[in-house]
Amino acid sequence: MEKLLFGTGGTPHSAKTASTVDGIRRIAELGLGCMELEFVQGVRMGEAAARLVAQVAKEEGVRLTAHAPYFINFNAHEPEKIRASQERLLQTARIGAICGAESIAVHIAFYLGDPPERVYETVKKYLLEVIERLKRENNKIWIRPELMGKGTQFGTMDELLKLSTELERVAPVIDFAHWHARTGKFNSYPEFAAMLEQIKKQLGKDALNNMHIHFSGIAFSKKGETKHLDLRESDFQYKELLKALKDFKAKGFVICESPNLEEDAVLLQETYKRL
Ligand SMILES: [Zn+2]
């Protein structure tokens, strides 16, 4: 991508209606660059609606990403739950691609008390089946397991970077707030720079030109994330993060998931521009 685009996770609150199409129009009015389609409660959009979304996004010059349903666990212990999880991710990729979305965020698995190394192999095996299926369908959307905020969730930096080197069309969603909540660290320029350096080292420089980032304020306990907060109510050092992104010339999508959505997305974009 040619630059860093800022946008919201879902339709902005100030849109005329809660519809995706009105959301895209509002993103353009606000001068933002992208929006994430929230299929978190299930993919309920049909093909005709998806084609309209693609048309409006193109007219408005808004780029799209999508978020897969929360009800996914590639480490489920029941085979039918694995298959249902794969089906939900495939459905997100199919409708997402018709919408013109370029990248899908997914909470890929829970450990359920299993050893992380075994969970890694399980996730990789079932995700590979999805990737191969999409390849046969000529669907080129990126599948992006997300950096997760709780210790019970699969998705550490090491797990995601390894998975991304081993599978085609797979890369991480770097959720900086989740990682801060999970570790209690990663809230300063040198730490953000170290993360970007690690991505560059393991995935190559191209990965920094093609990022999918989630961003919000966050509240957390010893167990990790408890809830998202507006940036100014949180301890998150977002200016330092934006500075690190600028210094590393990172490009791609920055999706704001603060409760106030577009307010923080605009704040981030304005702050970034002034750096
Ligand atoms: Zn997410």
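Ile-174 has Ile-213 in E7 as its bridge partner. E6 and strand E7 (residues 211–215) run parallel and are joined by three bridges. The model is a predicted one. Its open sheet has eight strands, its largest nonpolar core has 79 residues, and it holds 14 salt bridges; the strand count comes from the sheet order given below.

**Sheet**

- The strands of the open sheet are ordered E5-E4-E3-E2-E1-E10-E7-E6, and their pairing is parallel.
- Strand E5 (142–145) and strand E6 (173–175) each have a single partner strand, so each has one side without a neighbour in the sheet; these two stand at the edges.
- On average, and with direction ignored, neighbouring strands of this sheet are turned by 25 degrees against each other.
- Strand E2 (residues 34–38) pairs with E3 in the parallel sense, over five bridges.
- Within that pairing, Leu-37 has Ala-66 in E3 as its bridge partner.
- Four of the five residues of E3 are buried, which leaves the strand mostly covered.
- Helix H9 (residues 262–274) lies across three strands, namely strand E1 (4–9), E7 and strand E10 (252–256). The angle between H9 and E1 is about 165 degrees.

**Nonpolar core**

- In the largest nonpolar core, the residues with the most contacts inside it are Leu-64, Leu-89, Leu-127, Ile-143, Phe-154 and Phe-215.
- Helix H4 (residues 116–136) contributes seven residues to this core, the most of any element.
- Beyond residues up to four places away in sequence, Leu-127 touches Phe-74, Leu-89, Ile-108, Ile-143, Pro-145, Leu-163, Leu-167 and Val-170.
- In soluble globular proteins, nonpolar side chains tend to be buried together.

**Leu-161**

- Leu-161 is part of helix H5 (residues 157–166).
- The relative accessible area of Leu-161 is 0%, so the residue counts as buried.
- Apart from neighbours within four places in sequence, Leu-161 is in contact with Pro-172, Gln-198, Ile-199, Gln-202 and Leu-203.
- Gln-55 lies 106 residues from Leu-161 along the chain, and the C-alpha atoms of the two are separated by 34 Å.

**Asp-230**

- Asp-230 sits in the loop between strand E9 (224–229) and helix H8 (238–247).
- Asp-230 is buried but has no salt bridge. Arg-232, the nearest side chain of opposite charge, is 9.4 Å away, whereas a salt bridge requires the nitrogen and oxygen to be within 4 Å.
- With neighbours within four places in sequence left aside, the contacts of Asp-230 are Gly-217, Ser-258, Pro-259, Asn-260 and Asp-264.

**Salt bridges at Arg-63**

- Glu-2 and Arg-63 form a salt bridge, with 3.4 Å between the closest N and O atoms.
- This pair links distant parts of the chain, 61 residues apart: Glu-2 is in the segment before E1, and Arg-63 is in strand E3 (residues 63–67).
- Glu-102 also forms a salt bridge with Arg-63, and here the closest N and O atoms are 2.7 Å apart.
- The Glu-102 pair likewise links distant parts of the chain, with Glu-102 in strand E4 (residues 101–106) and Arg-63 in strand E3, 39 residues apart.
- Glu-2 has a relative accessible area of 57% and is therefore exposed.
- Arg-63 has a relative accessible area of 26%, so Arg-63 is partly exposed.
- Glu-102 is also partly exposed, because its relative accessibility is 26%.

**Other salt bridges**

- Lys-124 and Glu-166 form a salt bridge, the closest N and O atoms being 3.0 Å apart.
- Lys-124 belongs to helix H4 and Glu-166 to helix H5; the pair links distant parts of the chain, 42 residues apart.
- Lys-124 counts as partly exposed because its relative accessibility is 23%.
- Glu-166, with a relative accessible area of 35%, is partly exposed.
- A network of salt bridges links Glu-87, Arg-94, Arg-133 and Glu-137.

Conventions:
Residues numbered from 1 in each chain as written. Predicted model: local features only at pLDDT ≥ 70, side-chain atom pairs only at ≥ 80, totals over all residues. Heavy atoms only, no water. Buried < 20%, exposed > 50% of the residue type's maximum accessible area, 1.4 Å probe, protein only. Contact = heavy atoms within 4.5 Å. Core = buried A, V, L, I, M, F, W, Y, C linked by side-chain atoms within 4.5 Å. Pairing = 2+ DSSP bridges. Axes fitted to C-alpha atoms, helices over the stretch in contact; angles between N-to-C directions. Lys, Arg positive; Asp, Glu negative; His and termini not counted.
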